[in-house]
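Work through the exercises below with the sequence and the structure at hand. Try each task before reading its solution.

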Amino acid sequence: MNVLILANLFDRFDLTQPVGVSHYLIVGAVLFVCGALCMATKRNALGILMGIELVLNGANLNFIAFGSPYLRSDANTLGLDGQLMSLFVIVLAAAEAAVALAIALNFYNSFSTIDVDRADQLQG
Amino acid sequence: MAEFLTQYIPAWLAYSAAALVHIVLLINLIAVGALFFIWLERKVAGRIQDRLGPTRVGGKFGWLQTLADGLKLITKEDLMPEGADEFLFKIAPYVSFCASFAALMALPFSDSDMPFVAQHLNVGVFFIIAVLGLEVFGVILAGYSSASKWSLFGAMREAAQVVSYEVPLGMCAVVPVLIAGSMDLVYIGDCQAGPVWNWFIFHDPFTFLVFWVYFTCATASVNRAPFDLAEAESELVAGFHTEYSGLRWSFFFMAEYGSMLAVSLLASILFLGGWHGPIPVANWLGLTFDNRPLLGYLGNVLGCVNILAKGVIGVTVMMWVRWTLPRLRIDQVITTCLKYCVPIAAVCFLGATWWQFMWPNGLLLETPVAVYELRENWPEAPAANPPATVAANLQRGAI
Amino acid sequence: MAEAIYWPTVFFWLFAVIACAFAVAVVLCANIVRMAFYLVLSLAATAALFFLAGADFVGAMQLLIYVGGTLVLLIFGVMLTSQDRFVSMKTSREEMSIAILVGACLLAVLVWAAVSVPDWNGLGRAAAEALPLEPTAAPIGMGLLGARVDAPDRSGYLLIFEIISVHLLVVLLGAAYLARAQQKRSSAVG
């Protein structure tokens, strides 16, 4: 079963066939993992914010892929629900980025540094 | 064009050839347009300031002045300041130029049977407004990577200005979309077919007001005076492009004139009838597709000349305003946006909605009835496809 | 090639590689302004992927809101907070390697899940080429107003639309309040 899946994986690079949902899911997974790594490793607060944006975009790709009539047979797709959810995610991400940036600016104004490792006043 | 060519050559070659023709035509439009507009600007500036403009190069009117300037720019030394971020410094002019060029890709230049448009998008208005807002990246990158405080100040001011004015610009652009019922620019242009009273600017008084607000916001959004503090020559040396010289600088200017032309063309399609002239000459001469394809093509060419003329008039008005009015301060710019443009645009939007609700067929003269028949056809309720249940999907392994 | 190349697949791979490569570049880069620029390119490639999946309206919205709005905001933030460009805030090598290890495991799990469902492999070429290209702007607009014209047995999105509008208003006020100019406290550093 695992051998079949591996063969399936390498079969995906066929340029004569249309792509499917799994291709979009893989791209979304890469974006998600990069975003999660960004959130985990960056010390600059704005770097963390960029990680959040990448994570949300990975999720958006998933929604769009599941809702696309060109990637799956028609009876199974989410249809416009996928695109509508993706729309709301984009709007909410913009709103959250605005608030996060306001917090980051406040932090910078108070501590003169944007390094989140310095935000340890509540520690210990 | 691509489908036409696929009859003769293989598909990939047909699409590449069609794309190449579109790109070449549009780049020519930007480049020749920039050439012409720089000359026109100097002439207009001269006349407003009671002097002649360039008169020596190329005969009495100085036609070739811009060409001479271009040659000078190409032969300049390519400098880069010492603390500059190399990669971003080099790529900034191209980002600006690409944003300006991409906006022109979705603009149609002629009629609906065979529209002269590089990419016929269903969401044309939306796409153009989105892409015009991307030009600010080139400016920010230029300002940051020049490692100079004048550049950084200029870039930040310009970014704030462009982003603030996108809001009223979007609200103003929605009013013709509301009247036409579609975001497709070809369709919006065609709704204004016929004589001059079919133009959307004369549709109702709110749209008339919205046109002037749109023009103001468009001028602000491409950083033309009186909103040009980004390049405020007397204050910031030269703003965000202080450190750019030679061909890199000329790319910024091609991007600026390209954007001016793009917003003027967009204004003329949304409000001023697009390729349909004040007098329907093409219809009277019989140059439509109902007669013969060749005559229809000639009618389209006439429409293309028409819309370009309107775009040039729009740019000339922008130049006229530049040399007449003094420059605004940054707080005055933001005040104009938030306290004047946004409320007026919002009120006019409500007014236009109310007008459209009361008199959907137009008040002055009849809007062509075809407007309301060309709406997209909703599909029938899919009675044949039973809604897929979770159990059935699990069985098929689809979830 | 026995069959002709299917061009939408080629464009998918082009934009997918751009999106993934620049996302990886965001993780690996140390200079915050370059990170922001790479993020712009990655999100623009994602918008292209949306267009390729048939979501033209959502793709245009991604360009307008995300790339043209959120990222400009981010770059403003970067400009306002990176006074000293040469302060380097790199993570240590050990932390980075642990993070990459965990990330790789997560990626393996997600990829395994993605390829394990046969229905997700894509339509056959004949079926894909037979599908008509439908614009989505008008059905989305009607759906947001409560009338689902594409699938009449599903619910509309009017309530969510209203909630989001109020949410945006609240966020606007909150962000403006949080970021208001205030007295700088004495530069006490933690």
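Domain bounds here come from an automatic or database domain assignment. The model is a predicted one.

**Exercise 1.** Find the domains of chain C and state how far apart the centres of domain 1 and domain 2 are.

Solution. Start with the bounds: in chain C, domain 1 covers 7–133 and domain 2 covers 136–179. Then take the centres over C-alpha atoms; those of domain 1 and domain 2 of chain C are separated by 25 Å.

**Exercise 2.** Describe the side of chain A that touches chain C: which element gives the most residues?

Solution. Begin with the contact itself, to which chain A contributes 79 residues and chain C 85 residues. Next, list the elements of chain A that give two or more residues to this side: helix H1 (2–10), helix H2 (21–41), helix H3 (45–66) and helix H4 (80–111). Of these, H4(A) gives the most, with 25 residues. Finally, sort the residues of this side of chain A by type: 50 are nonpolar, 22 polar and seven charged.

**Exercise 3.** Do the same for the side of chain C that touches chain B: from which element does the largest share come?

Solution. This contact takes 26 residues from chain C and 29 residues from chain B. On the side of chain C, helix H2 (32–52), helix H3 (56–81) and helix H6 (137–144) each supply at least two residues. H3(C) accounts for the largest share, eleven residues. By type, this side of chain C has 21 nonpolar residues, one polar and four charged.

**Exercise 4.** Locate Ala130(B) and decide: is it buried or exposed?

Solution. Ala130(B) belongs to helix H5 (residues 124–132) of chain B. Count the other C-beta atoms within 10 Å: there are 28. The cut-off for buried is 20 or more, so Ala130(B) is buried. Now look for its contacts, leaving aside neighbours within four places in sequence: Ala130(B) is in contact with Ala60(C), Leu63(C), Leu64(C) and Gly68(C).

**Exercise 5.** For Ser112(A) and Asp50(B), give the sign of phi, and classify the exposure of each residue.

Solution. As background, most residues other than glycine have a negative phi. Ser112(A), not a glycine, has a positive phi of about 60°. Ser112(A) sits in the segment after H4 of chain A and has 15 C-beta neighbours inside 10 Å, so it counts as partly exposed. Asp50(B) also has a positive phi, near 60°. Asp50(B) is placed in the loop between helix H2 (11–48) and helix H3 (65–74) of chain B. With 6 other C-beta atoms within 10 Å, Asp50(B) is exposed.

Definitions and conventions: Residues numbered from 1 in each chain as written. Chains lettered and ligands numbered in written order. Predicted model: local features only at pLDDT ≥ 70, side-chain atom pairs only at ≥ 80, totals over all residues. Contact = placed C-beta atoms within 7 Å. Helix = DSSP H or I, 4+ residues; strand = E, 2+ residues; numbered from the N terminus. Nonpolar A, V, L, I, M, F, W, Y, C, P; charged D, E, K, R; others polar. Buried ≥ 20, exposed ≤ 12 C-beta atoms within 10 Å, placed from the backbone.
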